[in-house]
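Student: I have a model open and want to learn how to read it. Can we go through it feature by feature?
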Amino acid sequence: MASNKPAPEAPSAYELDDRGAFAGPGHSGGDAEFDGDGPWEEWDPTEGSVRPVRGKHRVAKQRGGGLARSGTVLGVGVIAAVGAGGMASAEDRPPVPISMPDVGGMVHDLADSLPDAASLPGVGALISDSGGHSATSADAATSAAATAAADESGPLSRTTARTDASGSGDGAGEALRSRILQQADAQQGAAEEEAREAAEGAAVKQAAVEAAAAKKTAEQAETAKQAAEQEAKRKAEEAARQKAEAARLAELAKSFIAPVSSYTLTASFGQAGDRWAADHTGQDFAAPTGTPVKAVHSGTITQAGWAGSYGYRIVLTLDDGTELWFCHLSSMVKTSGKVSTGDVIGRVGATGNVTGPHLHLEVRPDAGSPIDPMPWLRDHGVNV
């Protein structure tokens, strides 16, 4: 019975070069020939076969005499190197001693020693919930521990640790950036809302001020209008009063006249002098002796004759009870009865207590005490 050709002896791990590749024919320590297909190429056992360590994955410790994960990777490389010649047993070779540090344990140890992220300046305010804080701290601890462990485990572990640290760092940085942007957006929104409310408040105040100013202006205009109307009314009333007074005086001028036509005013009412027992009680109209004295208004002669210091005196009583005294007459033309305005009742003289010829006129309302004759004459339309 024909037997199969014996399979060439598989190279052991000791016959691999320092890069983990098969040394080939002629390598010291082995004389097996390789009759596989195609040229040899360098094979990287980490490419496509080992997944990068991420998160909190822990590498299992090597137990007993079995192969660790790295030993398994090398075994797969050895089998692939044999090719079509078949598989050979490597049981007669001692296992390659490969050890890996307990990265997971180191991560947790480092995580326990790291400070709380909330206590870091500028970072704690950005972390609002405990879940995000724990995740960020754990990721940072995992990244730091993985990097430290990778420095002790060689190129493969360093690559994996850097990948894991980079992923964790990117996640933490992205979360921090997101929180910063959210806080900035919230602050900007609050500032915009505050500015909007301030603008609205200012607009309301301005509108209130303008409304108050408009109201005040309207009130001032109304007050000015009322004042103008009152002033116009007052002026109209004053004009009407003056017109009525002028008409009254014009009517009185027909019934009241001056006592003499030509005269000179001398001693006035209330004037003091050594010739009177008291202040002067009438108005003196100086005129030549014999000048006609006329009745100022229509009335009745109630007295006529000698009156001591007054000389010859005529008393004319008007219809309203006012007495008019004509004194110092040189002669009396009428001594009783009714007279009309302008009637000659006597003549100017210098009788009684006098220094020269003049007419002394007194006005006594209701036959009482004398008053100033000048205002009374003017009130009755007589211009003196």
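**Reading charges, strands and rings**

Tutor: Start with a charge over a ring. Arg-313 lies over the face of Trp-325, 4.5 Å from the ring centre. Keep in mind that this is a predicted model.

Student: Which other residue has its charged end over the ring of Trp-325?

Tutor: Arg-364 does. Its charged end sits 4.0 Å from the centre of that ring.

Student: What stands opposite Trp-325?

Tutor: Glu-362, in strand β9. Strand β9 covers residues 358-364. It runs antiparallel to β6, and 5 bridges join the two.

Student: Which strands besides β9 should I look at around β6?

Tutor: Look at β5 and β8. Strand β5, residues 312-318, pairs with β6 in the antiparallel sense over 5 bridges. Strand β8, residues 344-348, also pairs with β6 in the antiparallel sense, over 3 bridges.

Student: Give me a residue pair for each.

Tutor: For β5, take Leu-316: its bridge partner in β6 is Leu-324. For β8, take Arg-347, which stands opposite Ser-331.

Student: Is β6 mostly covered or mostly open?

Tutor: Mostly covered. Strand β6 spans residues 323-332, and 7 of its 10 residues are buried. A general idea helps when you look along any strand. In a regular strand the side chains alternate between the two faces of the sheet.

Student: How do I read the hairpin of β5 and β6?

Tutor: Count what lies between the strands, then check the backbone angles. Here 4 residues lie between them. Gly-321, in this hairpin, takes a positive phi near 95°.

Student: Which residue in β6 has a positive phi although it is not a glycine?

Tutor: His-328. Its phi is about 65°, and it is not a glycine. His-328 lies in strand β6. It counts as buried because its relative accessibility is 6%, under the 20% cut-off.

Student: Where is Asp-366, and what is its phi?

Tutor: Asp-366 is in the loop between β9 and α5, the latter being residues 373-379. Its phi is near 55°, a positive value in a residue other than glycine.

Student: Is Asp-366 buried or exposed?

Tutor: Exposed. Its relative accessible area is 64%. That is over the 50% cut-off, so the label follows.

Student: Now aromatic pairs. How many does a search of the whole structure find?

Tutor: The search finds 4. One of them joins Phe-256 and Trp-376. Read two values for a pair: the centre distance and the angle between planes. Here they are 5.9 Å and 75°. The pair is edge-to-face because its angle is over the 60 degree cut-off.

Student: Where do the two rings sit in the chain?

Tutor: In distant parts of it, 120 residues apart. Phe-256 is in the loop between α4 (155-253) and β1 (264-265), while Trp-376 is in helix α5. Phe-256 is buried, at 8% relative accessible area. Trp-376 counts as buried too, at 10%.

Student: What about Trp-306 and Tyr-312?

Tutor: They also form an edge-to-face pair, with 5.0 Å centre to centre and 80° between the planes. Trp-306 counts as exposed, at 54% relative accessibility. Tyr-312 is partly exposed, at 33%.

Student: Which residues does His-297 touch beyond its sequence neighbours?

Tutor: Leave out residues up to four places away in sequence. Then His-297 touches Ser-255, Phe-256, Leu-316, Leu-318 and Thr-341. His-297 itself lies in the loop between β3 (292-294) and β4 (299-306). It is buried, with a relative accessible area of 15%.

Student: Try a charged residue next. Is Asp-284 buried or exposed?

Tutor: Buried, at 5% relative accessible area. Asp-284 is found in strand β2, residues 283-286.

Student: Which side chain makes a polar contact with that of Asp-284?

Tutor: The side chain of His-360, at 3.0 Å. Beyond four places in sequence, the contacts of Asp-284 also include Thr-264, Leu-265, His-358 and Leu-359.

Student: One last reading. How far apart are the C-alpha atoms of Asp-379 and Arg-248?

Tutor: They are separated by 9.7 Å, while the residues are 131 apart along the chain. Asp-379 lies in helix α5. It counts as partly exposed, at 47% relative accessibility.

Conventions:
Residues numbered from 1 in each chain as written. Predicted model: local features only at pLDDT ≥ 70, side-chain atom pairs only at ≥ 80, totals over all residues. Heavy atoms only, no water. Buried < 20%, exposed > 50% of the residue type's maximum accessible area, 1.4 Å probe, protein only. Polar contact = N/O pair within 3.5 Å; in protein donor to acceptor, adjacent residues only side chain to side chain. Contact = heavy atoms within 4.5 Å. Pairing = 2+ DSSP bridges. Phe/Tyr/Trp six-rings, centres within 6.5 Å; stacked < 30°, edge-to-face > 60°. Lys NZ or Arg CZ within 6 Å of the ring centre and 35° of its normal.
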